[in-house]
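Let's take a friendly look at how two helices meet and at the pocket beside them. Please keep the model open as you read.

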Amino acid sequence: RFRETGDTRNGASYFLGAGLLLWTTWQASCLAGYWAGNVIPAAWSLDFVVPLCFIALLVPALEDPPTRVAALAAGIAVVALDALPMRLSLVCAGLIGIASGMLAESRRRAR
């Protein structure tokens with residue numbers, strides 16, 4: 001709407017409000033992380049945080065059945081192939097996920 005009206009005063013107010021809200025949220029989350037980091041015992045392993053971040057990014061992308069098939073196949077493959085050396089299970093699971101997603105997509109289009 002700001003581009004259509006050309007009113008720079010409202011645009012500046014919008015930018016200032018959004019910037020202040022983002023900065024305040026950033027400061028609050030950094031402070032919460034600092035306090036949580038000091039409360040969590042050092043003996044706890046936080047290696048699970050990286051996979052949780054990827055899951056949080058992945059779940060909203062699972063919109064259609066072929067994407068779900070690809071994610072499920074890759075998840076099963078990475079667990080089943082965990083014994084492979086040099087973490088090749090990740091590469092193989094990615095390729096299996098891609099292939100299964102393409103197969104599911106081609107079957108869906110054939111119907």
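What follows is a short tour of one helix pair, one residue in it and one pocket.

This is a predicted model, in which local features need pLDDT of at least 70, side-chain atom pairs count only at pLDDT 80 or more, and totals for chains, interfaces and linings use all residues. Residues are numbered from 1 along each chain as its sequence is written, and side-chain values use heavy atoms, without hydrogens or water.

Start with helix 4 (residues 65-80) and helix 5 (residues 88-110), whose axes lie 7 Å apart at an angle of about 150 degrees. Helices here are DSSP runs (H or I, at least four residues), numbered from the N terminus. Helix 4 and helix 5 are therefore roughly antiparallel, a label for angles over 145 degrees. Contact (heavy atoms within 4.5 Å) involves Val 69, Ala 73 and Ala 77 of helix 4, among others, and residues including Ile 96, Ser 100 and Ala 104 of helix 5.

Ala 73 sits in helix 4. Beyond its neighbours within four places in sequence, Ala 73 touches Ile 96 and Ser 100. Its C-alpha is 9.2 Å from that of Ala 99, 26 residues away in sequence.

Now for the largest pocket, which holds about 360 Å³ of space. Its lining has 13 residues, with Phe 54, Leu 58, Ala 74, Gly 75 and Val 78 nearest the centre. Helix 4 gives the most, with 6 residues.

Here is how the residues divide by class, with Gly counted among the polar ones:

| Set of residues | Nonpolar | Polar | Charged |
|---|---|---|---|
| Contact of helix 4 with helix 5 | 12 residues | 4 residues | 2 residues |
| Lining of the largest pocket | 11 residues | 2 residues | no residues |

Conventions: Axes are lines fitted to C-alpha atoms, for helices over the stretch in contact, and angles run from 0 to 180 degrees between N-to-C directions. Helices (H or I, at least four residues) and strands (E, at least two) are DSSP runs, numbered from the N terminus. Angles under 35 degrees count as roughly parallel, over 145 as roughly antiparallel, 65 to 115 as roughly perpendicular and the rest as oblique. On a 1 Å grid over the protein atoms alone, a cavity is a set of points where a 1.4 Å probe fits but cannot get out, and a pocket is an open set with protein on both sides within 12 Å along at least five of seven lines; lining residues have an atom within 4 Å of a point. Grid points are joined across faces, edges and corners, and a volume is the space filled by probe spheres set on the points.
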